[in-house]
Each structure stands twice: as structure tokens, then as C-alpha cells.
Amino acid sequence: MGTFFSGKRLKVLAIAAVCAGLFGLFLMLGPPKLLAKSETPDFCASCHVMEAQHTAFMHSGAHRRLKCVDCHLPNEGVASHYIWKSIDGMKDVLVFNFGKIPEKIKLSEHGAKMVKANCIRCHETLVSQMDTSRDCWKCHRRITHTGTGAITTN
């Protein structure tokens, strides 16, 4: 009986690593740039439960030039961005496919932290002299999807 990393197991692990790497390259560079396409607002709106958020986003003034991921995912590093994109994306797929969609879509606690961090990152010079302990959307209500008037609130 050999060790855990015997020649045969090592070969299988190497093949699995190469396959995973090739799959990653396919996602990033594959036809037609699948990864870049998945970061567009139209991709996010392709899930019918997000149609109202997309409509509101299109009425959000200057912010409509951004992509959903600019606000809703961490942007301090590529690895963190894509790890959270994978986590949030799989969560959304599971929620949608198992029919567990909430009646009113709300930011999670983690999502709120991400949005706030991205507000501060983009508007760093504006907020440098401000108390940033409050959520930006508590005062700037029109920047939220519901605050644009395009979504009715309950």
C-alpha cells in the first residue's frame, strides 16, 4: 500500500488541475468572452426576478453608466471579486431554481457592506471629510433601486 500521493494519485491530481485551469481559461476567454458578458447589467436582468431592479437602475442618473458588479461586488482585488461573484452567483442560481425568491428583494448584510464600500471607493474625495458610519442610501435615497421611483415599495 503506497502513500496518499502515490504516482497514480499524483497523476490524477495533475490532470484535474490542468482541466480546472483549462476550464477557467475557457470561462475567461471562451466564446464570446463569457466572463465579461456575465458582468453586464443585461445579464443580471436576464433573470426575470431582477427585471424591476434593472428598470430602476436604468433610471438612476449617473450611476446607470456602471455595471451591477461595480456596486454589488468587492472591487479591491481580482481574486476577491471573482470569489464573491461565484458565491453570489451560485446563491442566486439556487434561490431562483428552488423557487425560494423573496417577495421583496433586499440587500444582505454582506451585500450592504459591499455597496457601501464601493460608494466610498468611488466617491473617496467627497467623503474624506465625512462620517462614513451611516449607510449612504439612508440620506441619498434616490440612488437605490427603489428610490428611483421605478419600483413600488411595500
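Here are some worked exercises on this predicted model.

**Exercise 1. Work out the overall build of the chain: how many helices and strands are there, and is it spread out or a compact globule?**

Step 1: count the secondary structure. The chain has nine helices and zero strands, so reading along the sequence you just get α-α-α-α-α-α-α-α-α.

Step 2: check the radius of gyration. The value for the chain is 20 Å, whereas the globule rule gives 15 Å for 154 residues. That is well over the rule, so the chain is more spread out than a compact globule.

Step 3: look at the dimensions. Along the principal axes, the C-alpha trace spans about 65 × 40 × 30 Å.

Step 4: add burial and surface. Buried residues account for 19% of the 154 residues. The chain exposes about 11,600 Å², and carbon and sulfur atoms supply 65% of that area.

Step 5: see how far contacts reach along the sequence. Take the contacts between residues at least 6 apart: 53% of them join residues at least 24 apart.

**Exercise 2. Find the salt bridges in the whole structure: how many are there, and which parts does the one between lysine 85 and glutamate 39 tie together?**

Step 1: a search of the whole structure turns up three salt bridges.

Step 2: start with lysine 85 and glutamate 39. Their closest N and O atoms are 3.3 Å apart. Lysine 85 sits in helix 6 (residues 78-97), while glutamate 39 is in the loop between helix 2 (34-37) and helix 3 (41-45), so this pair ties together parts that are 46 residues apart in sequence.

Step 3: ask how covered the two partners are. Being buried takes under 20% relative accessible area. Lysine 85 has 16%, so it counts as buried, and glutamate 39 is buried too, at 7%.

Step 4: list what surrounds the lysine. Leaving out residues up to four places away in sequence, lysine 85 touches Leu35, Ser38, Glu39 and Leu73. Glutamate 39, the salt-bridge partner, is on that list.

Step 5: move to lysine 91 and aspartate 92. Their side chains meet at 3.7 Å, N to O. Lysine 91 is partly exposed at 43% relative accessible area, and aspartate 92 is partly exposed at 45%.

Step 6: finish with lysine 113 and glutamate 109, whose side chains meet at 3.8 Å, N to O. Both residues are exposed.

**Exercise 3. Describe helix 7: where do lysine 113 and glutamate 109 lie in it, which of its residues are buried, and what do those pack against?**

Step 1: place the salt-bridge pair. Lysine 113 and glutamate 109 both lie in helix 7 (residues 109-122), four residues apart, or about one turn of the helix.

Step 2: bring in the helix geometry. An α-helix has 3.6 residues a turn, so residues three or four places apart point the same way.

Step 3: check the length. Helix 7 has 14 residues and reaches 20 Å from its first C-alpha to its last, close to the 20 Å expected at 1.5 Å a residue.

Step 4: pick out the buried residues. In helix 7 these are Gly111, Ala112, Met114, Val115, Lys116, Asn118 and Cys119.

Step 5: find their partners. The buried residues of helix 7 pack against helix 5 (68-72) and helix 9 (136-139).

**Exercise 4. Look at the surface around leucine 25: which residues form the nonpolar patch, and how accessible is leucine 25?**

Step 1: name the members. Val18, Leu22, Leu25, Met28 and Leu29 form a nonpolar patch on the surface, with about 500 Å² of accessible area together.

Step 2: place leucine 25, which is found in helix 1 (residues 7-29).

Step 3: classify it. Leucine 25 has 42% relative accessibility, so it counts as partly exposed.

Step 4: compare another helix 1 residue. Phenylalanine 23 also lies in helix 1 and is exposed, with a relative accessible area of 51%.

**Exercise 5. Set sequence separation beside distance in space: how far apart are threonine 146 and phenylalanine 57, and how far apart are phenylalanine 23 and histidine 110?**

Step 1: threonine 146 is found in the segment after helix 9 and is partly exposed, at 34% relative accessible area.

Step 2: threonine 146 and phenylalanine 57 are 89 residues apart in sequence, with 9.2 Å between their C-alpha atoms.

Step 3: phenylalanine 23 and histidine 110 are 87 residues apart along the chain, and their C-alpha atoms are separated by 29 Å.

Conventions:
Residues are numbered from 1 along each chain as its sequence is written. This is a predicted model: local features need pLDDT of at least 70, side-chain atom pairs count only at pLDDT 80 or more; totals for chains, interfaces and linings use all residues. Side-chain values use heavy atoms; hydrogens and water are left out. Patches are made of residues with over 30% relative accessible area and no salt bridge: like charges are joined within 9 Å, nonpolar side chains (Val, Leu, Ile, Met, Phe, Trp, Tyr) within 5 Å. Accessible areas come from the Shrake-Rupley method with a 1.4 Å probe; for residues, only the protein chains shown count as cover. A salt bridge is a side-chain nitrogen of Lys or Arg within 4 Å of a carboxyl oxygen of Asp or Glu. Helices (H or I, at least four residues) and strands (E, at least two) are DSSP runs, numbered from the N terminus. Buried means under 20% relative accessible area, exposed over 50%, partly exposed in between (1.4 Å probe, protein chains only). The radius of gyration is taken over C-alpha atoms; the globule rule is 2.2 Å times the number of residues to the power 0.38. Contact means heavy atoms within 4.5 Å. The expected span of a helix is 1.5 Å times one less than its number of residues.
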